[in-house]
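Here are some notes to read alongside the model, written for someone meeting a structure of this kind early in their studies. Please keep the sequence and the 3D view open while working through the points.

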Amino acid sequence: MRIEEDIKLDFKDVLIRPKRSTLASRSEVDIRREYVFKWSGSKFHGTPIIAANMDGVGTITMAKAFAKHGEGLTAALTKHYSVDELAAFFKTPQSASAWYSLGTTKHDQDKLKAVLKKTDKQRLTRLCIDVANGYSEAFATYVKQTREMFPKMTIMAGNVVTHEMTEELILSGADVVKVGIGPGSVCTTRKMTGVGYPQLSAIIECADAAHGLGGLVCADGGCTVPGDLAKAFGAGADFVMLGGMLAGHDQSECEITQQNGQKFVTFYGMSSETAMTKHSGGVAKYRASEGKTVRVKYRGDVLTSLQDILGGIRSACTYVGARKLKELSKRTTFVRVTQQINNVFGES
Ligand code: 5GP
């Protein structure tokens, strides 16, 4: 047994120190980024925020809304659409705003092949290979095989939280490594297993490792307010993935319930009992559920929430004098804090 003594940080442990700047208004800030992916060679030009591949978030309706919005956000589609639904969607121009998600089972591979056979291959160009624990040797091997099979696909793979696994996944063929174990809004991994890593430090460590190899990272999980996205980008994230912050909208493709005049949507982790019962007929005997089910307030059109999120990031950039999102991490100094928000009038 060993103890690492230096303190690892979460979003709640820091604030971004303001800096003198010549920027007059947040309208001068460009929050789009341009990337050329290391392995696929494809270009990305857009706002680097990704809707998580979760029920109620990574929906086709969400991807279509992002396409209409025009700021270049993307959605990682949930794994649970049918081959026909996916094939039909990836024939449309709106598919430029989507990632195709898959796990590592034979079924996942066969399904991807079936979708590719039925759709426009030119449009299905981004994969999100997603497992709860990216630390197994078998996972890196799977990423390597997928890279060999699809040399031109942009591959995002995860999740991990440390530099050595980030490097291994990039060297195995991932263009983007997804970072986060346990910070999610409906995740119970830390409670059930005691495993995890504070998300801000995980981003700093993994971004540094990825950038050294010409790869990128996507900070996945734990953002609760727009300021957390600013901190994630400040820490070096190239993309930020959002689950809970995008749940409960018109684009969620789920039922809206009403109680005492208040509208709600049910939201759940993809390893929760709810998800496993819905998609795989129950929780397998050898595993425990590592996700929970919550009720979130219905929040209307996602484009309204996005205005707040994007406005918050633009404003963060003006506070440190970053004319482009690209400059934010260079201009970020974090200060350690013990308190963030004044909640004298409640938490909202
Ligand atoms: P959020 O933005 O809601 O804080 O985090 C979203 C992320 O939580 C997802 O992208 C995914 O990585 C993670 N996640 C989603 N469902 C589950 C779950 O059931 N269990 C765990 N451990 N993580 C989950």
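1. With the side chain of which residue does the side chain of T162 make a polar contact? The partner is Y135, and the two side chains come to 2.4 Å in this contact. Please bear in mind, here and below, that this is a predicted model.

2. It helps to place T162 along the chain, where it lies in the loop between β8 (154-160) and α5 (163-171). T162 has a relative accessible area of 12% and is therefore classed as buried, since that term applies to values under 20%. Leaving aside residues up to four places away in sequence, T162 touches Y135, Y197, E205 and C206.

3. Two of the residues that T162 touches, E205 and C206, also take part in the contact between α5 and α7, in which H163, T166, E167 and I170 of α5 meet E205, C206, A209 and A210 of α7. Sorted by class, this contact has 4 nonpolar, 2 polar and 2 charged residues.

4. How should the packing of these helices be described? Two packed helices are described by the angle between their axes and by the distance between those axes. For α5 and α7 (residues 199-212), the axes come within 8 Å and cross at roughly 35 degrees, and the crossing is right-handed.

5. A separate topic is charge pairing, for which the general idea is that side chains of opposite charge can pair when their charged atoms come close. In the whole structure, a search finds 12 salt bridges, and one of them joins E28 to R323, with the closest N and O atoms 3.2 Å apart. E28 sits in the loop between β1 (14-16) and β2 (33-36), while R323 sits in the loop between α10 (302-320) and α11 (325-328), so this pair ties together parts that are 295 residues apart in sequence. E28 counts as partly exposed at 35% relative accessibility, and R323 is also partly exposed, with a relative accessible area of 37%.

6. Salt bridges that share partners join R2, E4, D6 and K8 into one network. Within this network, E4 pairs with R2, their closest N and O atoms being 3.8 Å apart, and the side chains of K8 and D6 meet at 3.2 Å, N to O. R2 has a relative accessible area of 68% and is therefore classed as exposed, a term used for values over 50%.

Notes: Residues numbered from 1 in each chain as written. Predicted model: local features only at pLDDT ≥ 70, side-chain atom pairs only at ≥ 80, totals over all residues. Heavy atoms only, no water. Helix = DSSP H or I, 4+ residues; strand = E, 2+ residues; numbered from the N terminus. Buried < 20%, exposed > 50% of the residue type's maximum accessible area, 1.4 Å probe, protein only. Polar contact = N/O pair within 3.5 Å; in protein donor to acceptor, adjacent residues only side chain to side chain. Contact = heavy atoms within 4.5 Å. Salt bridge = Lys/Arg side-chain N within 4 Å of Asp/Glu carboxyl O. Axes fitted to C-alpha atoms, helices over the stretch in contact; angles between N-to-C directions. Left-handed = near helix turned anticlockwise from the far one by under 90°. Nonpolar A, V, L, I, M, F, W, Y, C, P; charged D, E, K, R; others polar.
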